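Please open the model in your viewer and have the selection tool ready. The tour moves from one selection to the next and says what to look for at each stop.

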Amino acid sequence: MPEGDTVWRTANSLRDALQGKVLTRCDVRVPRYATVDLSGQVVDEVVSRGKHLLIRVGDYSIHTHLKMEGAWHIYAPDSKWRRPTYQARIVLATDDRVAVGFSLGITEILGRDDEECAVGHLGPDLLGPDWDADAAIRNLRAAGEQPIGLALVDQRNLAGLGNVYRNEVCFLRGVHPCTPSSEVADLPALVTLAHRMIHADKNNSIRHRPWVYGRAGKRCRRCGTVIEGHDLGQQQIFFCTYCQPPSGR
């Protein structure tokens, strides 16, 4: 699933293509919203909130989430799309750009006043202007016995981290991902590192070579121990048992 930095870059691309312009076409290919037509209205704003995207048009907000397979593409008018037409969930066009949302996990049209129904549950946004590190730390500490590897990707605690970042952050802080959140020795340092890493990557679609993510069975780049990969929740975690000793060892 794309992480917060990918969604942040997507919002920037959509902002450049749509913001301040009049929609000449609004084609929502989701049955519930198939009759919605916002053409003729100006796109006021495009914002990201964690892994969510909000395109604000008049009294409405187009809420989308990429989930596993989703992507937004920007085209010149009459250009050939790079993905099949049947995958398009929404098409928004202006005089000089066409934005197509393919295979989006969520596509819904909300009243502007109802945005909180979609994103109000989210914790502090690591890439948002209102980032609140203290609130994120409190949320993680309150997670108690929940493994830190799960708490970091629980968007209610802090918004934007996914599987890549949670593995890399835990490795770099020497924290085993199964450590109960309340037992992590220095949560402020963990949160600070997560914030610094995602900001460093937000303008760059090519991340650094991973320390542990996706490297099960390979040698740790730091100590040479074989990296392990285990299931945690619905995803796999990766860690070095020497650099990230289990809690209590």
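The stops below take in a helix, the division into domains, their interface and an annotated segment.

Keep in mind throughout that this is a predicted model. Begin by selecting residues 4–18, which form helix 1, a run of 15 residues. From its first C-alpha to its last, helix 1 reaches 21 Å, close to the 21 Å expected at 1.5 Å a residue. Now show the side chains of helix 1 and colour its buried residues, which include Val-7, Trp-8, Leu-14 and Leu-18, with the charged residues Asp-5 and Arg-9 also among them. Just after helix 1, stop at Gly-20, where the backbone takes a positive phi of about 80°.

Next, colour the chain by its division into domains, with domain 1 covering 4–120 and domain 2 covering 133–240. The C-alpha centres of domain 1 and domain 2 lie 30 Å apart. If you then select the residues where these domains meet, you should find eight residues of domain 1 in contact with 13 residues of domain 2. Between them, domain 1 and domain 2 bury about 720 Å², of which 52% is on carbon and sulfur atoms. How many salt bridges are found across the interface of domain 1 and domain 2? The rule finds zero across this interface.

Finally, select residues 211–245, which an unreviewed UniProt entry annotates as "domain: FPG-type". Over residues 211–245 the chain is 0% helix and 29% strand, and the C-alpha atoms at the two ends are 16 Å apart.

Note on methods
Residues are numbered from 1 along each chain as its sequence is written. This is a predicted model: local features need pLDDT of at least 70, side-chain atom pairs count only at pLDDT 80 or more; totals for chains, interfaces and linings use all residues. Side-chain values use heavy atoms; hydrogens and water are left out. UniProt positions are given in the numbering used here, feature names are shortened, and annotations may be inferred rather than shown by experiment. Helices (H or I, at least four residues) and strands (E, at least two) are DSSP runs, numbered from the N terminus. The expected span of a helix is 1.5 Å times one less than its number of residues. Buried means under 20% relative accessible area, exposed over 50%, partly exposed in between (1.4 Å probe, protein chains only). Domain bounds come from an automatic or database domain assignment. Contact means heavy atoms within 4.5 Å. Buried area is the accessible area (1.4 Å probe) that two parts lose on being put together, summed over both. A salt bridge is a side-chain nitrogen of Lys or Arg within 4 Å of a carboxyl oxygen of Asp or Glu.
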